[in-house]
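Welcome! Here is a short tour of a protein model, written for someone starting out in structural biology. Take a look at the picture before reading on.

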Amino acid sequence: QVHCDVVDYEAGWAACVAALASVMPGGHRVAFHTGDITIPLDSKANAAVAERADTADVVVVSYVVAENAVSLRASEYVFFRDLFKAAKKGALFLFAETTHRLWPEILQCALDVLEGPVPISLPTNLPGRSGSTMILQKGGGGARVVIVFLLIRARAMARAGGRRPGNRARAARVVRVQVRADEARGHRVDASGVLLLSLIHI
């Protein structure tokens with residue numbers, strides 16, 4: 001079973017996540033929280049992230065880095081530095097963006113605050129993906145990479161989020177949850193806790 005915590009600065013995403021939660025199959029769960037990646041993890045606005053940071057197995061940072069590049073640089077990436085520190089050993093960080101230009105800066109943050117090796121992967125053949133992807137692991141040692149994609153047609157989900165009859169069926173048609181396991185080496189990562197910092201949407 002997978003539990004996803006969707007975190008975004010815009011509270012308007014809550015309706016989309018509620019619609020998704022109503023059709024999640026097989027005991028999987030998803031919940032929405034607000035947060036801000038431009039301020040420290042211990043800020044009040046990031047309470048939901050801080051509470052879950054040390055138990056998340058996979059952290060997906062989707063299309064929120066480039067658009068906040070100026071603020072992130074001004075804060076010296078304090079949020080991600082704090083998040084790398086708080087995460088448990090073996091946690092995976094998947095960054096998805098339109099560009100790779102900020103990857104060296106984010107990787108340097110991880111190298112600055114983490115002890116030991118920081119395995120990195122720059123996959124180019126992920127299905128249904130455009131842009132650039134970087135995967136980091138805290139603690140090294142290799143793992144079974146569990147990537148959770150929530151592919152959401154945001155406008156259709158918003159329309160499907162009301163209370164009219166048949167909305168659940170409509171939501172089911174516009175949501176596809178794909179769990180892809182790419183085996184590397186070493187132990188298996190338990191995917192019981194997944195923290196999403198933004199929706200991956202199409």
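How many residues of strand 1 (residues 3-8) are buried? Six of its six residues are, so the strand counts as mostly covered, given that buried means under 20% relative accessible area. Please keep in mind that this is a predicted model.

**Strand 1 and its neighbour**

Let us look at the two sides of strand 1. His3, Asp5 and Val7 point one way, while Cys4, Val6 and Asp8 point the other way, and all of them are buried. There is a general pattern behind this: in a regular strand the side chains alternate between the two faces of the sheet.

Strand 1 also has a partner. It pairs with strand 2 (residues 29-34) in the parallel sense, over six bridges. You can follow this pairing residue by residue: Val6 has Phe32 of strand 2 as its bridge partner, and Asp5 stands opposite Ala31 in strand 2. Add helix 1 (residues 14-21), and strand 1, helix 1 and strand 2 together make a right-handed β-α-β unit.

**Strand 3 and strand 4**

Is strand 3 (residues 58-62) enclosed or open? It is largely enclosed by the rest of the structure, because five of its five residues are buried. Val58, Val60 and Ser62 lie on one side and Val59 and Val61 on the other, and both faces are covered.

Strand 3 pairs with strand 4 (residues 92-97), again in the parallel sense. This pairing runs over five bridges. In strand 4, Ala96 is the bridge partner of Ser62.

**Cysteines without disulfides**

A disulfide is a covalent bond between the sulfur atoms of two cysteines. How many disulfides does a search of the whole structure find? The search finds zero. Two of the cysteines can still be described by their surroundings: Cys16 is buried, with a relative accessible area of 5%, and Cys109 is buried too, at 2% relative accessibility.

**Salt bridges**

Side chains of opposite charge can pair when their charged atoms come close. The count of salt bridges in this model comes to five. Three of them are listed here, including the N to O distance for each.

| Salt bridge | N to O distance |
|---|---|
| Asp5 and Arg52 | 3.2 Å |
| Glu51 and Arg52 | 3.6 Å |
| Arg81 and Asp112 | 3.3 Å |

Start with the salt bridge between Asp5 and Arg52. This pair links distant parts of the chain, with Asp5 in strand 1 and Arg52 in helix 2 (residues 47-52), 47 residues apart. We met Asp5 before as a residue of strand 1, and its relative accessible area of 5% makes it buried. Glu51, which forms a salt bridge with Arg52, is exposed at 58% relative accessibility.

Now turn to the side chains of Arg81 and Asp112, which meet in a salt bridge. Distant parts of the chain are linked here as well: Arg81 belongs to helix 4 (residues 78-86) and Asp112 to helix 5 (residues 103-113), 31 residues apart. Arg81 is partly exposed at 25% relative accessibility, and Asp112 is partly exposed at 45%.

Which residues are joined into one network by salt bridges that share partners? They are Asp5, Glu51 and Arg52.

Definitions and conventions. Residues are numbered from 1 along each chain as its sequence is written. This is a predicted model: local features need pLDDT of at least 70, side-chain atom pairs count only at pLDDT 80 or more; totals for chains, interfaces and linings use all residues. Side-chain values use heavy atoms; hydrogens and water are left out. Buried means under 20% relative accessible area, exposed over 50%, partly exposed in between (1.4 Å probe, protein chains only). Helices (H or I, at least four residues) and strands (E, at least two) are DSSP runs, numbered from the N terminus. Two strands pair if DSSP finds at least two bridges between them. A crossover is right-handed if, with the strands pointing away from the viewer, the path from the first strand over the helix to the second runs clockwise. A disulfide is a pair of cysteine sulfur atoms within 2.5 Å. A salt bridge is a side-chain nitrogen of Lys or Arg within 4 Å of a carboxyl oxygen of Asp or Glu.
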